[in-house]
There are 2 protein chains.
Amino acid sequence: VVILNEYLEEMAEVVVGECDAYVDKYIGDAIMAFWNAPIEQPDHALRACRAAWRCQIRLGEIQAHLASLGLDAGDEGLVMRVGVNTGPAVVGLMGSSRKLNYTVMGDTVNTASRLEGANKPYGSRIMIAESTRLAAGPAVKTRVLDLLKVKGKAEPTKVYELIGYEGLGAPLYDEAYVAQYHHEAFGHYQKGNFGEAQRVFTACLQKRPKDTVSQLYLHRCEEFIKHPPESWDGVYVMKTK
Amino acid sequence: VVILNEYLEEMAEVVVGECDAYVDKYIGDAIMAFWNAPIEQPDHALRACRAAWRCQIRLGEIQAHLASLGLDAGDEGLVMRVGVNTGPAVVGLMGSSRKLNYTVMGDTVNTASRLEGANKPYGSRIMIAESTRLAAGPAVKTRVLDLLKVKGKAEPTKVYELIGYEGLGAPLYDEAYVAQYHHEAFGHYQKGNFGEAQRVFTACLQKRPKDTVSQLYLHRCEEFIKHPPESWDGVYVMKTK
């Protein structure tokens, strides 16, 4: 609990202190935060992206500090996954007279939570919805991840990996790689040209052997070549939360 | 939000007011509560079962009231699912200096949350772990539901449906039905005698056509007769949360 509290302290400092979020609640080791209420914040989407990115940087610093003390954080290191979504939600006091909380509810919130969990198969750390991508503006660097139907939703959401933030360190992948390799491969995949997609995702991995997203897609392409889908709309349906 | 708050108000009145729980938090429309902290409550398991049972009764009253006003609650009516687990947990103030909560954490809590969700396929409303069943004593009426390996746990949990509480209304199923029909059928199933189990679960459904648990098991027996399992230890592995 001491370690968890120190982690939450550090992350709350970034999310609230630097990026002016409202922390809704903690659920285990997860932080649920929102923007644009109770006070309007016209740049709410940008702030949310900044908070997600800064948390990852801060986590890297904490890990480096732990390593300098000779403490091991396991094979993967410290991992924090973030889901960001932008849209309308119900905000207000919720609960009973025995316990009232200022909280946010609705479909937008549920999808954000699903995106957090959806990072896992992609190996990504920050997944943002198209709504956030559009609202956040050019300071946020992304690459497209998928057209994803999350559990409990009828419509797919176009999702992106947040890979950089202007002025805050180096991006995870440079623009040339994203445009010429990743987006090209993803384009073939979306059109159902799995052979072409396989070829370009293989090239991606030659360039960036640790690109977990390309690894995932290469695997999917192999499966779709072996067992071609009966109909193809490019939508991936998530079966789990 | 008004309707949700009224619902939470009623349920908190039962859980906290009648049964002395500590409400940890609300997550959407869910209430997370615990007993035996900060003050010791030797009958914590019994109180938790009582709270679960009383909430269902209160919900029935609310539904009857809504119906008397001509309001429709849908085909299934108002549905509330409860998971109860008993065991050690970490309790304390958690969070950051920006937001501190008195909360409970650990494996025991995670399993309780899984049991809540696990009700769905069984059509049950209250699922309690064996630990709770043993600690709660004879006032709590149950029937065995399954030997369940919930997601994220290596060991299976024996789980029960809470079907009654001494002095608080009629049980969902009488003792004779549970002992002579349900438990016999489940016993055959556990031993891997799926043909015998199928026969007795069919008898269960002749007696109680709406017994959703027997419906589920009949379906499982049919599947296991068609596709016999390679090895059988009676454990059902849940793939979802």
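**Notebook: a look around chains A and B**

I began with B:Ala139: skipping its neighbours within four places in sequence, I found it in contact with B:Leu46, B:Gly164, B:Tyr165 and B:Glu166. Note to self: this is a predicted model.

I then checked where B:Ala139 sits. It is in the loop of chain B between α4 (130-136) and β7 (140-149). Buried or exposed, I wondered about B:Ala139? Its relative accessibility is 17%, so B:Ala139 counts as buried, since the cut-off for buried is under 20%. I also looked up the spacing to one of its contacts, B:Gly164. The two residues are 25 apart in sequence, and their C-alpha atoms are 8.4 Å apart in space.

**Chain A, overall**

I switched to chain A and tallied its elements: seven helices and nine strands. Its radius of gyration is 19 Å, and the globule rule gives 18 Å for 241 residues, so chain A is as compact as a globular protein of that length. Along the principal axes, I get a C-alpha trace spanning about 60 × 45 × 30 Å. Of the 241 residues in chain A, 44% are buried.

I looked at contacts in chain A too, taking residues at least 6 apart in sequence: 59% of those contacts join residues at least 24 apart. For the accessible surface of chain A I have about 12200 Å², with 53% of that belonging to carbon and sulfur atoms.

**The five-stranded sheet**

Next I traced an open sheet in chain A. What is the order of its five strands? I read β3-β6-β8-β7-β9, with mixed pairing. At the edges are β3 (82-84) and β9 (235-237) of chain A, each pairing on one side only. Ignoring direction, neighbouring strands of this sheet are turned by 40° against each other on average.

I followed one pairing in detail. β7 (residues 140-149) and β9 of chain A run parallel and share three bridges. One residue I picked out was A:Lys149, whose bridge partner in β9(A) is A:Val237.

Which helix packs on this sheet, I asked? I found α2 (residues 44-68) of chain A there, touching β3, β6 (126-129), β7 and β8 (157-165) of chain A. The direction of α2 makes about 55° with that of β8(A).

**A hairpin to finish**

Last, I went to β4 (residues 90-96) and β5 (residues 99-105) of chain A. They run antiparallel, and seven bridges join them. How many residues lie between β4(A) and β5(A) in their hairpin? I count two. Opposite A:Ser96 I found A:Lys99 in β5(A).

Notes:
Residues numbered from 1 in each chain as written. Chains lettered and ligands numbered in written order. Predicted model: local features only at pLDDT ≥ 70, side-chain atom pairs only at ≥ 80, totals over all residues. Heavy atoms only, no water. Pairing = 2+ DSSP bridges. Helix = DSSP H or I, 4+ residues; strand = E, 2+ residues; numbered from the N terminus. Buried < 20%, exposed > 50% of the residue type's maximum accessible area, 1.4 Å probe, protein only. Contact = heavy atoms within 4.5 Å. Axes fitted to C-alpha atoms, helices over the stretch in contact; angles between N-to-C directions. Rg over C-alpha atoms; globule rule 2.2 N^0.38 Å. Areas by Shrake-Rupley, 256 points an atom, 1.4 Å probe, with all protein chains shown as cover.
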